[in-house]
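Subject: Structure for you to look at

Hello,

Here is the structure I said I would send over. My notes on it follow below; please read them with the model open.

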Amino acid sequence: MIALPNDDNSCGWYQALPPAAPATRLKGTQKADYAVLGAGFAGLAAARRLAELEPEARIVLVDAQRVAEGASGRNSGFVIDLPHKFALEHPDPVHKQKLLGLNRAAIAQLQGLVERHNIDCQWSAVGKYQGAVGERGIAFLEHFEHLMKGLGEPYQWVDKTELSRVLGTGFYSQAIFTPGCYLMQPAALVRGMAEHLPDNVELLEQSPIRSLRREGGQWRLQGDEGEIQVPTLLLGASIFTREFGYLKNRLLPVMTFASWTRPLTDDELSRYGGELNWGLTPADHAGTTLRMTADRRIIIRNSYKHVPKYGASVSEAMRRKIQADHRKAFLDRYPALAEVPFTHTWGGVYAISRNFTNFFGELESGVYASACDNGVGAAWGTISGTLMADMAVGADSQLLRDICRVTGMPSLNPPEPFLGLGVKSRIRLAKWQSRSEL
């Protein structure tokens, strides 16, 4: 039995959008040249690229939910050019430069789509801060500086006074600013891209695929009211790749959580005293991500949970506890805004691997996948989906060769219950160690 997405319906990004047009669902028998499963960053990019490379082909893009209801619409709205914190530790500088080039190719692609289609998603090239609260965070910042020097990338130390002016809070002691990050409204971005797919892509939403089998040289994707028959399948389903029997014991489902406020009033904005439209990630990776949106909302993101049953693993009591933790983090930073309520608290599930390795490539004849973004899905999903389409049609490029070089096989996980116990223990330990940075 395939376990389907089970996301909460309280994602602030999604709820802030106007109502979506009625969905087109999978019905009857559909035949296509390519099927793309999952309409997030990776799936949207794959379908678009297939349409460009094969303009006469019929491409079906199918998702169990509405576009932007899943993980791609639930992140904190960063599109980061730098390699992930763990990837920055890689000993090979060429490896890191290739990751940087792939991420920047994704940003250029997304910016081109935003500009070409006039997608209203708060897209902005404002960089980001990596912030520290105390000595532990500052030690991480000093290490980050060392890594940035090795990468040859620009950065700038920001002291407490300047940080307070931008962030409207004196909670942070120091930060490093890097200029290459873009901010956006993720649900608006992915919906906007879905609304402007090429003509030979058909989007089928609210169409869960219940089984996948090969029969007579064709893949048959069975839904509730119909099926898709196709020779070539591209999986942009991230953690749900394992539900179809692939990478089954190699991907870990982890959920992160965020809360945001309503837009601040003019009086509240005056008391806040900082700028609009910035983002801060924690120097200590288990710390708190903080954002002020262009439309005056403050976002708090922290708390990590191992969710083997995806959204079904999260109880209402757990949600209340997480929101209380977010509230404390908010009040620690903005005590003068104590009366400003949270309007939404939501979680988003993503895939990580124990060796922090992304999977990219052909799983078996006619099946391709990009899985395991290790928590940096906007840029990675975009470029990996694009290059997955190149691989599927036999195209070649330097970027395709680069992504093949920097990806590999996620390591095997220990069996349950040892896996769950180990992951939960690691998360609890990281939270305790990072308590001064939360």
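**Six-stranded sheet**

Val-36 has Leu-61 in β3 as its bridge partner. Please keep in mind throughout that this is a predicted model. The pairing behind that bridge is parallel, with four bridges between β2 and β3. On the other strand that pairs with β2, four more bridges link β2 (residues 34-37) to β13 (residues 232-235), again running parallel. There, Tyr-34 has Thr-232 of β13 as its bridge partner.

The side chains of β2 alternate: Tyr-34 and Val-36 point one way, while Ala-35 and Leu-37 point the other way. All four of these residues are buried.

β2 belongs to an open sheet of six strands, ordered β9-β3-β2-β13-β20-β19, with mixed pairing. The edge positions are taken by β9 and β19 (359-364), each of which has a single partner strand, so one side of each has no neighbour in the sheet. Direction ignored, neighbouring strands here are turned by 20° against each other on average. Helix α2 lies across β2, β3 (59-62), β9 and β13, and runs at about 175° to β3.

**Helix α6**

How many of the residues of helix α6 are buried? Nine of the nine, over residues 186-194, so the helix is largely enclosed by the rest of the structure. The list includes Arg-191, which is buried along with residues such as Leu-189, Val-190 and Met-193. The cover over the buried residues of α6 includes α1 (12-15), α2 (41-53), α3 (93-117) and β9 (201-204). Two of these elements also appear above: β9 is part of the six-stranded sheet, and α2 lies across four strands that belong to it.

The N-terminal end of α6 is capped by Gln-185, which has a side-chain oxygen 2.9 Å from the backbone nitrogen of Ala-187.

**Eight-stranded sheet**

There is another open sheet, with eight strands in the order β6-β7-β5-β15-β16-β17-β14-β18 and mixed pairing. β6 (156-159) and β18 stand at its edges with a single partner strand each, so one side of each is left without a neighbour in the sheet. From one strand to the next, the twist averages 25°. Helix α5 (residues 160-167) packs on this sheet and touches β5, β6, β7 (174-178) and β15, and its direction makes about 80° with that of β6.

Strand β15 (residues 278-282) has five of its five residues buried, so this strand is largely enclosed by the rest of the structure. Both of its faces are covered, with Trp-278, Leu-280 and Pro-282 on one side and Gly-279 and Thr-281 on the other.

The pairing around β15 goes as follows:

- β5 (residues 128-132) runs parallel to β15 and is joined to it by three bridges; Gln-130 has Thr-281 as its bridge partner.
- β16 runs antiparallel to β15, also with three bridges, and Trp-278 stands opposite Met-292. A hairpin of six residues connects β15 to β16.
- β17 is joined to β16 by four bridges in the antiparallel sense, with Met-292 opposite Ile-298.

**Helix α8 and the loop after it**

Helix α8 lies across β14, β16, β17 and β18, running at about 140° to β17. α8 (residues 316-333) has 18 residues and reaches 26 Å from its first C-alpha to its last, close to the 26 Å expected at 1.5 Å a residue.

Which residues of α8 are buried? They are Ile-322, His-326, Ala-329, Phe-330 and Arg-333. These cover an arc of only 100° around the axis, which puts them on the same side of α8. In an α-helix there are 3.6 residues a turn, so residues three or four places apart point the same way. Arg-320 and Lys-328, on the other side of α8, are exposed. The buried residues of α8 are covered by elements including β14 (252-261), β16 (289-292), β17 (298-306) and β18 (342-352).

Pro-335 sits in the loop between α8 and β18. Is Pro-335 buried or exposed? Its relative accessible area is 58%, and Pro-335 is therefore exposed, the cut-off being over 50%. Pro-335 and Tyr-272 are 63 residues apart in sequence, and their C-alpha atoms are 9.6 Å apart in space.

Regards

Terms used:
Residues numbered from 1 in each chain as written. Predicted model: local features only at pLDDT ≥ 70, side-chain atom pairs only at ≥ 80, totals over all residues. Heavy atoms only, no water. Buried < 20%, exposed > 50% of the residue type's maximum accessible area, 1.4 Å probe, protein only. Helix = DSSP H or I, 4+ residues; strand = E, 2+ residues; numbered from the N terminus. Contact = heavy atoms within 4.5 Å. Polar contact = N/O pair within 3.5 Å; in protein donor to acceptor, adjacent residues only side chain to side chain. Pairing = 2+ DSSP bridges. Axes fitted to C-alpha atoms, helices over the stretch in contact; angles between N-to-C directions. Expected span 1.5 Å × (residues − 1). Arc of directions from axis to C-beta.
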